[in-house]
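Let's take a walk through this model together, one interface at a time. Have the sequence and the coordinates open beside you as you read.

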Amino acid sequence: MKKTSFGAWLATFVVCAAFWMLITLSLDPQMLIAGAAVSALVALFAGRFFIHESPFHLLNPKHLFALLGYALLVFPIELLKANLDVAKRALSPALPVNPGIVKVPSKMKGEYGQAMLANSITLTPGTITMDVAEDEQGQAWYYIHWIDVAEGTAEEQGDAIKGTLEKWVGRIFE
Amino acid sequence: MEILRYVSDAFVVIGIFFAFAGTVGLLRMPDAFCRMQSSTNISTLGLYGAVIGGLLKAISMIVEGYELGWTMLVKIAPIGLFSILANPIAGHSIAKAAYQHGVRPEKEFVCDAYGEDEFDD
Amino acid sequence: MTELTVFAAIYVLLALLCMIRVAKGPSVVDRAVAADSVEILTDVALVLFALESGRGIYLDIALVTAILGFMSMVCVARYLEGRL
């Protein structure tokens, strides 16, 4: 089992303390000290589960602006398009669904990038990532349940599912 | 700030539309996996429409001079943030568990790469 | 601010509609997914009702319900996989 590094401890501590201040909503020194003590203890035990790679990756302004652009502009547009599509399918009388599980390749490197792309795909309605597997060459494959399977090779299906998401997530976790 | 209230109402109405579409899909879709896709409809825009509408309502309360708006603002934002981080994980784990548990649609999948690779019996 | 009450009531009504799927869903997965949807819809109704009544305590309850719903979904999934 990996030991908790100082960076992981600090990041977990900051998140826990912020959550404590949010719940109590007071700046009373007694509350703050109690919260800090509990957060430090929790971070000591939970840090190694919470942070796996570099904890301060997002403090680089380039990555932070890429994340903001992704979360505020690129992703909501994709989300709205996919939501309208699935809502139209559910409300139309003929119920046009064509479900299947496809296997598409992913260019992401590293745990965080993989997890973020897979979660983005799951969050857009119409596609659910069921599993992530790596083959012998280190190429990651996603198994995706898709409500309307399009014909084509794995690469073409991957482009249809991921759209612009992969480029932006790659920009955040390059 | 009357206009802010109307905009926030519009966001909540958009949320209600998508939640309604998701509920209808949950009741009408033919198999368990397609119902999951429809429930994603509820947990994304059905939720965020109302959360964004609520945030705008809290801002309009601040503008009108109620102190309570700040409490609302800092407490509604984490609900949206938590659900955008947690809901895809729940969806992914329940879909994988459903497949491994042996849930299959009545009509066959068009293609089933997962079953071919992971469970070739 | 009466329109928020109407919106919250509509969300609760949709949650009740989801209960139909909880009652009749053929497999346990259908019931779990529908129950998660019920939880999310009541969550939204709580947020709207907190804004209507002006009490912050409902928002704490909404946050805790969201966390509990996520945890219970993951627990059901792990149990079905046979890893619990």
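Between chain B and chain C, 4 salt bridges are counted in this predicted model. One of them joins Arg5(B) to Glu3(C), with the closest N and O atoms 4.0 Å apart. Polar contacts also cross this interface, with 8 residue pairs found where both partners have pLDDT 80 or more. If you look for the elements behind the chain B side, you will find that H1, H2 and H3 each supply at least two of the residues touching chain C. H3(B) gives the most, with 18 residues. By residue type, the side of chain B that touches chain C holds 27 nonpolar, 10 polar and 6 charged residues.

How far does this contact extend? It brings together 43 residues of chain B and 44 residues of chain C. About 3800 Å² is buried between the two chains, and carbon and sulfur atoms give 78% of that area. Within chain B, the residues losing the most area to chain C are Leu27(B), Ile79(B) and Ile94(B), which together make up 15% of what that side buries.

Now turn chain B around to its contact with chain A. Here 41 residues come from chain B and 37 residues from chain A. The buried area is about 3400 Å², with 70% of it from carbon and sulfur atoms. Arg28(B), Gln37(B) and Tyr114(B) supply 19% of the area that chain B buries against chain A, more than any other three residues.

What about charged pairs here? The interface of chain B and chain A has 1 salt bridge, in which the side chains of Lys96(B) and Asp131(A) meet at 3.8 Å, N to O. There are also 9 residue pairs in polar contact, both partners being at pLDDT 80 or more. Four helices of chain B each bring at least two residues to the side touching chain A: H1 (2-28), H2 (32-64), H3 (68-101) and H4 (113-118). H3(B) again gives the most, this time with 12 residues. The residues on this side of chain B divide into 24 nonpolar, 9 polar and 8 charged.

Finally, a look at the cysteines. Over all chains, the search finds 0 disulfides. For Cys16(A), the nearest cysteine sulfur belongs to Cys75(C) and is 20 Å away; Cys16(A) counts as partly exposed, at 24% relative accessibility. Cys18(C) is in no disulfide either, and the nearest cysteine sulfur, that of Cys34(B), is 16 Å away. Cys18(C) is buried, with a relative accessible area of 0%.

Terms used
Residues numbered from 1 in each chain as written. Chains lettered and ligands numbered in written order. Heavy atoms only, no water. Contact = heavy atoms within 4.5 Å. Buried area = accessible area lost by both parts, 1.4 Å probe. Polar contact = N/O pair within 3.5 Å; in protein donor to acceptor, adjacent residues only side chain to side chain. Nonpolar A, V, L, I, M, F, W, Y, C, P; charged D, E, K, R; others polar. Disulfide = S-S within 2.5 Å. Buried < 20%, exposed > 50% of the residue type's maximum accessible area, 1.4 Å probe, protein only.
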